[in-house]
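Okay, hi everyone, thanks for coming. I've got one structure to walk you through, so let's put it up on the screen.

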Amino acid sequence: MSPRAGAAEARGDVALQVEGVTLYYGGLAALANVDLAVHYGQIDALIGPNGAGKTSLFDVVTGLTKPSRGRVMLAGEDVTRRHPAARARLGIARTFQRLELFSSLTVRENIQVAAEAARSLGKAGARGARALVDDQLQRTGLASLADARVDTLSTGTGRLVELARALATEPRVLLLDEPASGLDPSESSALIALLTLLAADGLAVLLVEHDVELVMATAATLTVLDRGRVLATGDPEQVRGLPEVQAAYLGPHTSEEGPARPLPGEGTMPRPEAEGAVPRPETVVRRGGPHVETQAEIVP
Ligand SMILES: Nc1ncnc2c1ncn2[C@@H]1O[C@H](COP(=O)(O)OP(=O)(O)O)[C@@H](O)[C@H]1O
Ligand SMILES: [Mg+2]
């Protein structure tokens, strides 16, 4: 399958743009004036401590949650008022932090459901849903498990099924909410390779991930979210080194999910050049010159 990135959608072009998104849950600003761009042909990563608002941002982008302010642009079209199904039809697909699969169905059936839904929405074109499913089984390495019931699989394999299901809708933007959670190291490596291939194929990938090694090895840009605000965005290495990013990871965070994660760059994250990692472009400049943009520049 080739994502619908055509000649007009060149690598590095903006596929998805989140502009000034604010989201309140009661009195809590889960997202505060968030700007974020996701680009065709690359992986853009989003990290942040638990409760930072990462999943909430996915909910806003996919239409599950309506933002209090701001807008979501897909391929230049304002989709902020579109229903989730319409956004899926336009090419936004996601996986969930907590697996949302049909547990009593087989791997193939789970993917088939998505392929047929996409087809009934007129997305599969001349291609049959069956071929679409076979493609996803192959590319995610799930072919030998096609007839296994999902409730017999490991969490890691379940995550691959979710990914295959998202791909079966032939997205142009793929949102992944902690896809490596529950994966063992070899499954993680396979996931890195797969995500890199998908991006090389033109897909725009937004990766939310706790596995910072995976982020540093795959991402072209890194955005750090903290308490609903964008702290910094740009070249992953530079962003990782910013004092405000370091502080966000050191600061006191109360969360039901546990303490803030270890400080990035303090021995927990190998340098990507030492990893033989995917080559990355120069620092991405969103606004204001050849440097990494920080929140201090967005909101003086
Ligand atoms: N449905 C909801 N109702 C009320 N508060 C919510 C809801 N979903 C998330 N939150 C709150 O919004 C904040 C951001 O949560 P979330 O987006 O899940 O963060 P992350 O994915 O970065 O861990 C947290 O304080 C969380 O408790
Ligand atoms: Mg989350």
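Let's start with the shell around ligand 1: its residues divide into four nonpolar, six polar and one charged. For that split, Ala, Val, Leu, Ile, Met, Phe, Trp, Tyr, Cys and Pro count as nonpolar, Asp, Glu, Lys and Arg as charged, and the others, Gly among them, as polar. Before I go on, this is a predicted model, where local features need pLDDT of at least 70, side-chain atom pairs count only at pLDDT 80 or more, and totals for chains, interfaces and linings use all residues. Residues are numbered from 1 along each chain as its sequence is written, while chains are lettered from A and ligands numbered from 1 in the order in which they are written.

So who is in that shell? Going along the chain, ligand 1 is surrounded by Tyr25, Leu28, Ala30, Gly48, Asn50, Gly51, Ala52, Gly53, Lys54, Thr55 and Ser56. Near here means that a residue's C-beta atom, placed from the backbone, lies within 6 Å of the molecule. Both β2 (28-39) and α1 (54-62) supply at least two residues of the shell, and α1 has the largest share, with three residues. Those labels come from DSSP runs, numbered from the N terminus: helices are H or I with at least four residues, strands are E with at least two.

Now, the sheet that β2 belongs to. There's an open sheet of four strands in the order β2-β1-β4-β5, with antiparallel pairing; two strands pair if DSSP finds at least two bridges between them. The edge strands, β2 and β5 (77-78), each pair on one side only. Strand β1 (residues 14-25) joins β2 over eight antiparallel bridges, and Leu23 has Leu31 in β2 as its bridge partner. α1 packs on this sheet, touching β1, β2 and β4 (69-74), and its direction makes about 115° with that of β1. That angle runs from 0 to 180 degrees between N-to-C directions, with axes as lines fitted to C-alpha atoms, for helices over the stretch in contact.

Moving across, β1 and β4 share five antiparallel bridges, with Val18 opposite Val72 in β4. Then β4 and β5 pair over two bridges, one partnership being Leu74 with Glu77 in β5. Their hairpin has two residues between the strands, and Ala75 takes a positive phi near 50°.

What about the inside? The largest nonpolar core has 81 residues, and Val173, Val205 and Leu207 touch the most other members. Such a core is a set of buried Ala, Val, Leu, Ile, Met, Phe, Trp, Tyr and Cys residues joined through C-beta atoms within 7 Å. β2 gives the most to this core, with seven residues. Buried means 20 or more other C-beta atoms within 10 Å of a residue's own, exposed means 12 or fewer, and partly exposed is in between, with C-beta atoms placed from the backbone.

Last stop: is Leu242 buried, exposed or partly exposed? Leu242 counts as partly exposed because it has 17 C-beta neighbours inside 10 Å. You'll find Leu242 in the loop between α8 (236-241) and α9 (243-250). By contrast, strand β10 (residues 229-234) is mostly covered, with five of its six residues buried. Okay, that's my tour.

Notes. Contact = placed C-beta atoms within 7 Å.
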